[in-house]
Structure formats: structure tokens, C-alpha cells
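Hi,

Here is the structure I said I would pass on to you. Have a look at it first, and then read my notes below with the model open beside you.

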Amino acid sequence: MDIGVIAKRYAKALLKFAQENHTEDQVYDEVLMFAHSWKHIHEVSDALGNPLLSSQDRIKVICQAASTAVSPVFQKFAELVVAHHRESLLIFITHSYVSLYRELKHISIGRLITAVPVDDKEADRLEQWMEEQTANSTDVILDKQVNPDILGGFIFEIDDLRLDASVATQFEQIKKQFIEKNKRIV
């Protein structure tokens, strides 16, 4: 069983069904909330893995993890997943749906990692620059993270591009050059 293929098929079906009902944006929000709940509330995955839990209770767990009031589309999707015993694949399905939705809506996610927090003005300026660099119809969402281990500078990622201008990486490169140069001397 290829988990990626199955997850993508369910995600495509969910996206198509949501588009037909004009609720793809609401379902996207529900899917994001479910993924967040799955990651941060371990009882969600534990409950869905419990063989003693009835199908109706599994559907309730899925829906409650997604939102306080889920759309009928997400409700039907939860029923389908439970009916086919695919609860263990839900997290993969949600990630596939998010990717498909972002591709459909031309949304790119940029990630900025710095040693200290970046103020909103600089983040907005970077977000605007990213939108100018990508196609005009592309929306860009900037995910800011703080990691003191990079010592200074920044690491910027968007789609398949990674720009690492961190002090830690520069020190590592200097160290490698020094070791390589000293090997030749010895």
C-alpha cells in the first residue's frame, strides 16, 4: 500500500468535492485546524487508533479536531474516511490537501529563520519583495521562526529555494576551508 498515492487521491477528491460546493476555503481552514490538532493534541491520534471506538465516535473526533462547527463537506469526508478505515492516513491526506489547495490558489509559503525576532515592518517588506519576485498572481505567506543556534544572519526558504546567510553556516564554511588548507600543509 502506497500511502502517498492513497492520501493524494483522497485529497484530490476532497478538493474537487469542496470546489463543487464552493467551500474549498472553509475546508482548507478545517484541514489546517485538524492537522494542528493532530500534531499538538496527542489524544486525537490515540482516539482514532483505538479499535474500541465506534465509527460515529471516530467521526465526531475528526470533526471536533477540525472545528467547532464543520462544513457539511468536511463532515461527509470524515464519514468516507471512517467508512473505508483510513483514519491512520488522515494526517497524510490533510498535508496533500493543503499542498493541492495552495497550488490551486497560487499560494507560496516562505520561511524566514533568524537568531532574534524580526519586526513586522521588515517581515512585511520581505513578503512584498517575495510577491514581486514570484508571479503576480501568487500570494505569499511568510512563516517567521526564531532559532538562536544560527548565531546571526538569516535563513530564507521559499518553494525549492534556500538562502542560508547565517553566521553559523559561515563559520562552518570557514572551518572546512581551514581544515582543507591545513591538510595540504601537513
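**What I found**

Just after helix α6, H106 takes a positive phi of about 55°. Keep in mind throughout that this is a predicted model.

Let's stay with α6 for a moment. This helix covers residues 90-105, which makes 16 residues. From its first C-alpha to its last it reaches 22 Å, close to the 22 Å expected at 1.5 Å a residue. Which residues of α6 are buried? They are L90, I91, I93, T94, S96, Y97, V98, L100 and Y101. And what do they pack against? The buried residues of α6 pack against the helices α1 (3-20), α2 (24-40), α3 (42-49), α4 (55-66) and α5, and also against strand β1.

Now zoom out to the whole chain. You should be able to pick out 8 helices and 4 strands. Going along the sequence, the pattern reads α-α-α-α-α-α-β-α-β-β-β-α. The radius of gyration is 22 Å, while the globule rule gives 16 Å for 186 residues, so the chain is more spread out than a compact globule. The C-alpha atoms fill a box of roughly 70 × 40 × 30 Å along the principal axes. Of the 186 residues, 34% are buried. If you take the contacts between residues at least 6 apart in sequence, 65% of them join residues at least 24 apart.

**The sheet**

In what order do the 4 strands sit in the sheet? The order is β2-β1-β3-β4, in an open sheet with mixed pairing. The edges are β2 (139-146) and β4 (161-166); each has a single partner strand, so one side of each is left without a neighbour in the sheet. On average, neighbouring strands are turned by 15° against each other, direction ignored.

A bit of background helps here. Strands of a sheet pair through backbone hydrogen bonds, either parallel or antiparallel.

You can find both kinds of pairing around β1. Strand β1 (residues 107-114) runs parallel to β2, and 8 bridges join the two. Two places to look are I113, whose bridge partner in β2 is Q145, and T114, which stands opposite V146 in β2. With β3, strand β1 runs antiparallel, and 5 bridges join that pair. Here R111 stands opposite E157 in β3. Why call β1 largely enclosed by the rest of the structure? Because 6 of its 8 residues are buried.

There is a helix to look for here as well. Helix α7 (residues 120-133) lies across β1, β2 and β3 (153-158), and it runs at about 140° to β2.

**Three residues worth clicking on**

Start with E157, which lies in strand β3. Is E157 buried or exposed? Its relative accessible area is 17%, and the cut-off for buried is under 20%, so E157 counts as buried. Its side chain makes a polar contact of 2.5 Å with the side chain of R111 and another, of 2.3 Å, with the side chain of R162. Not counting residues up to four places away in sequence, E157 touches I109, G110, R111 and R162.

Next is F77, in helix α5 (residues 72-83). F77 has a relative accessible area of 5%, so it is buried. Which residues does F77 contact, leaving aside neighbours within four places in sequence? They are Y10, L14, L90 and I93. Two of these, L90 and I93, are among the buried residues of α6. To get a feel for distance, try F77 and I174: they are 97 residues apart in sequence and 53 Å apart in space, C-alpha to C-alpha.

Last is S71, in the loop between α4 and α5. S71 is buried too, with a relative accessible area of 2%. Leaving aside neighbours within four places in sequence, S71 is in contact with Q26, V27 and E30.

Have fun looking around!

Cheers

Notes
Residues numbered from 1 in each chain as written. Predicted model: local features only at pLDDT ≥ 70, side-chain atom pairs only at ≥ 80, totals over all residues. Heavy atoms only, no water. Buried < 20%, exposed > 50% of the residue type's maximum accessible area, 1.4 Å probe, protein only. Contact = heavy atoms within 4.5 Å. Pairing = 2+ DSSP bridges. Axes fitted to C-alpha atoms, helices over the stretch in contact; angles between N-to-C directions. Expected span 1.5 Å × (residues − 1). Polar contact = N/O pair within 3.5 Å; in protein donor to acceptor, adjacent residues only side chain to side chain. Rg over C-alpha atoms; globule rule 2.2 N^0.38 Å.
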